[in-house]
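Biologist: Please take a close look at the salt bridges of this model, with attention to how accessible the paired residues are. A connected account would serve best.

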Amino acid sequence: TGGTSCLICMRGKYQADREQTKCKECAIGKASVGEEREIECEECQIGRYQSEAAATTCLKCIPGQFQAQRGQTNCTKCAVGRASTDTTRECDVCIEGQYQLEIAATACLKCIPGQFQHQHSSSKCNHCNVNTFQKNPGSKSCQPCPKNTYTNNQTGATDCFLCPAGKSGAS
């Protein structure tokens, strides 16, 4: 009452109606960078979020998380067996020969030599069985030991041994 001019709404607030005594705060999932806002605040864009009211900016999801919708209040963490550096779409599935044990991961890991993974979205690799081996990282399967070789009853072998003289191998 008795004012000579109207006050402007500060960043993070707006007022769309005339003759009001206060500004409205931007809702969660929205933000306002500018002052003197006469319309509702902008929704956070894909890949961004805002969990607090009266925000002046939307926050960007970090790698290992994503947000594929506008106006959201948080980001979604990548699940076990998935990873992502792109914060605007769902996380990538770890393919055969790869795994990821952690949530919110930014990359899938290759199975080490002596291990394999033949499924997608895996959280671990499997050891090669006895009398099978794998030399290469990121493998989908293990290879049987060649004729007259063996793995000495070990799992997770990266190579096979020659059978001693007078003995034959598993194949």
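Modeller: A residue counts as partly exposed when its relative accessible area lies between the buried class, under 20%, and the exposed class, over 50%. Arg 89 has a relative accessible area of 38%, and it is therefore partly exposed. The model is a predicted one, and the values that follow are computed from it.

Arg 89 pairs with Asp 86 in a salt bridge, with 3.0 Å between the closest N and O atoms. Asp 86 has a relative accessible area of 26%, so this residue, too, falls in the partly exposed class. The pair does not stand alone, as a network of salt bridges links Asp 86, Arg 89 and Asp 92. In general terms, side chains of opposite charge can pair when their charged atoms come close.

A search of the whole structure finds 7 salt bridges. One of them, by the cut-off of 4 Å between nitrogen and carboxyl oxygen, joins Lys 135 to Asp 159, whose closest N and O atoms are 4.0 Å apart. This pair links distant parts of the chain, the two residues being 24 residues apart. Lys 135 belongs to the loop between β15 (132-133) and β16 (143-144), whereas Asp 159 is placed in the loop between β17 (149-150) and β18 (161-162). Both partners are partly exposed: the relative accessible area is 48% for Lys 135 and 41% for Asp 159.

Another salt bridge brings together the side chains of Lys 24 and Asp 17, at 3.6 Å from N to O. Here Lys 24 is partly exposed at a relative accessible area of 36%, and Asp 17 is likewise partly exposed at 42%.

A further charged residue to consider is Lys 30, which lies in strand β3 (residues 30-31). The side chain of Lys 30 makes a polar contact of 2.8 Å with the side chain of Glu 40. Beyond its neighbours within four places in sequence, Lys 30 is in contact with several residues, among them Cys 41, Glu 42, Glu 43, Cys 44 and Cys 58. Gln 50 and Ala 55 are also among the contacts of Lys 30.

Charged residues also appear in the lining of the largest pocket, which holds about 710 Å³ of space. Of the 21 lining residues, Cys 6, Leu 7, Cys 9, Gln 15 and Gln 20 are the closest to the centre of the pocket. By class, the lining comprises 8 charged, 7 polar and 6 nonpolar residues.

Note on methods. Residues are numbered from 1 along each chain as its sequence is written. This is a predicted model: local features need pLDDT of at least 70, side-chain atom pairs count only at pLDDT 80 or more; totals for chains, interfaces and linings use all residues. Side-chain values use heavy atoms; hydrogens and water are left out. On a 1 Å grid over the protein atoms alone, a cavity is a set of points where a 1.4 Å probe fits but cannot get out, and a pocket is an open set with protein on both sides within 12 Å along at least five of seven lines; lining residues have an atom within 4 Å of a point. Grid points are joined across faces, edges and corners, and a volume is the space filled by probe spheres set on the points. Ala, Val, Leu, Ile, Met, Phe, Trp, Tyr, Cys and Pro count as nonpolar, Asp, Glu, Lys and Arg as charged, and the others, Gly among them, as polar. Buried means under 20% relative accessible area, exposed over 50%, partly exposed in between (1.4 Å probe, protein chains only). Helices (H or I, at least four residues) and strands (E, at least two) are DSSP runs, numbered from the N terminus. A polar contact is a pair of N or O atoms within 3.5 Å; within protein, one must be able to donate a hydrogen and the other to accept it, and residues adjacent in sequence count only if both atoms are side-chain atoms. Contact means heavy atoms within 4.5 Å.
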